[in-house]
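Thanks for coming. I will take a few minutes on one structure, so please have a look at it first.

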Amino acid sequence: MMDCAAKSKGEVTTSPPQKHIPGELGIWVFVAGDLMVFAAFFVVIALGHNGEQAEIFAQSRATLDMWVGVLNTFLLLTGSWFVAKGVEKSRTAHDSAISRYFSLGILCGLLFVANKSFEWGAKIIVGINPMTNDFFMYYFVFTGIHLLHVFVGLGVLLLVRNASKRPITARNRNRTIETGATFWHLVDLLWIVLFALFYLL
Amino acid sequence: MTKPQLHPLLRDATTLAWLILVGTTALGWWLGFTSHNAQNGILFTTVGILISAFLKVWIVGFQFMELKHAPRWLRHGFDAWVVVMCSVLIVLCIR
């Protein structure tokens, strides 16, 4: 319907057809706030990387399994792909195939949580915890705060999944889907930087 | 649709973005592995790791978060965060 309206005005249509803020403005206020908070976290980690404890950081970092971090990155990137495709397709349809994209996004998030639990468990079982040193304090606290984001994101994706089943013309449906998807991609985005700072440097 | 010679996967911007993101993750993994096992050239790998990470961040924002369709102030606000954050971290990590 929107496409037809846009075409009749002679506009070039892509999907979505015109410039607009994805989702609610409020989610972008939240995104901006979160980016500022995490900017402080990133700076704190970087300061430790080259500070007085550089040696402790290097030794602690070496005990992390890089492939676990790679797998988690892959899971979030793939989850984001499912959600992004779901958003694209939900603009033109509302069948069960659309909600399946969001279900698969949720599955990726759950696998991330499972992998993270095994990783943390393996550390704690050998006596490594936030009190071990500054590196592991940052590691547990910042990836823990990120994990909270994942839990919230999973709840948000459930709402998005329900919204995607409503008729396309339902009020606020597309806005709800876009807003939820934006939050989920933020979770992915923040992990990409945490992964680089904790595992790769 | 206008370029039928392209593989369907490459014609879809979201899938293309995912492919680049996964490829860049593999590059970051290799740089990280090199960095942990090398005595020299750590400066190069550190800068590479951070630039590749923020390239991924930018792609997630531009394509997945649909900032490519967003008003200019929002898109450029995000671009500015990416550039400033990446620069600050590079300076802190190589000082």
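I will start with how the model was made and numbered, then go through chain A, the interface and one helix pair.

This is a predicted model, in which local features need pLDDT of at least 70 and side-chain atom pairs count only at pLDDT 80 or more, while totals for chains, interfaces and linings use all residues. Residues are numbered from 1 along each chain as its sequence is written, chains are lettered from A in the order in which they are written, and side-chain values use heavy atoms, with hydrogens and water left out.

Chain A, then. Chain A has seven helices and zero strands; helices are DSSP runs of H or I with at least four residues, strands are E runs of at least two, and both are numbered from the N terminus. The C-alpha trace of chain A spans about 65 × 30 × 25 Å along its principal axes.

Now the interface. How much area is buried between chain B and chain A? About 3,800 Å², with carbon and sulfur atoms giving 75% of that. Buried area here is the accessible area, with a 1.4 Å probe, that two parts lose on being put together, summed over both. On the chain B side, B:Met65, B:His69 and B:Trp81 lose the most area to chain A, together 18% of what that side buries. Counting contact as heavy atoms within 4.5 Å, 50 residues of chain A and 42 residues of chain B take part.

Next, charges. Side chains of opposite charge can pair when their charged atoms come close. A salt bridge means a side-chain nitrogen of Lys or Arg within 4 Å of a carboxyl oxygen of Asp or Glu. The rule gives five over all chains, and two across the interface of chain B and chain A. A:Arg91 pairs with B:Glu66 in a salt bridge, with the closest N and O atoms 2.7 Å apart. Another salt bridge joins A:Glu88 and A:Lys85, at 3.0 Å; both residues lie in helix H4 of chain A, three residues apart, about one turn of the helix.

That helix brings me to the last point. The axes of H4 of chain A (residues 66-90) and H2 of chain B come within 10 Å and cross at roughly 170°. Axes are lines fitted to C-alpha atoms over the stretch in contact, and angles run from 0 to 180 degrees between N-to-C directions. Angles over 145 degrees count as roughly antiparallel, so H4 of chain A and H2 of chain B are roughly antiparallel to each other. Residues meeting there include A:Trp67, A:Phe74 and A:Trp81 from H4 of chain A, and B:Trp18, B:Trp29 and B:Phe33 from H2 of chain B.

Technical notes
Parallel < 35°, antiparallel > 145°, perpendicular 65-115°, else oblique.
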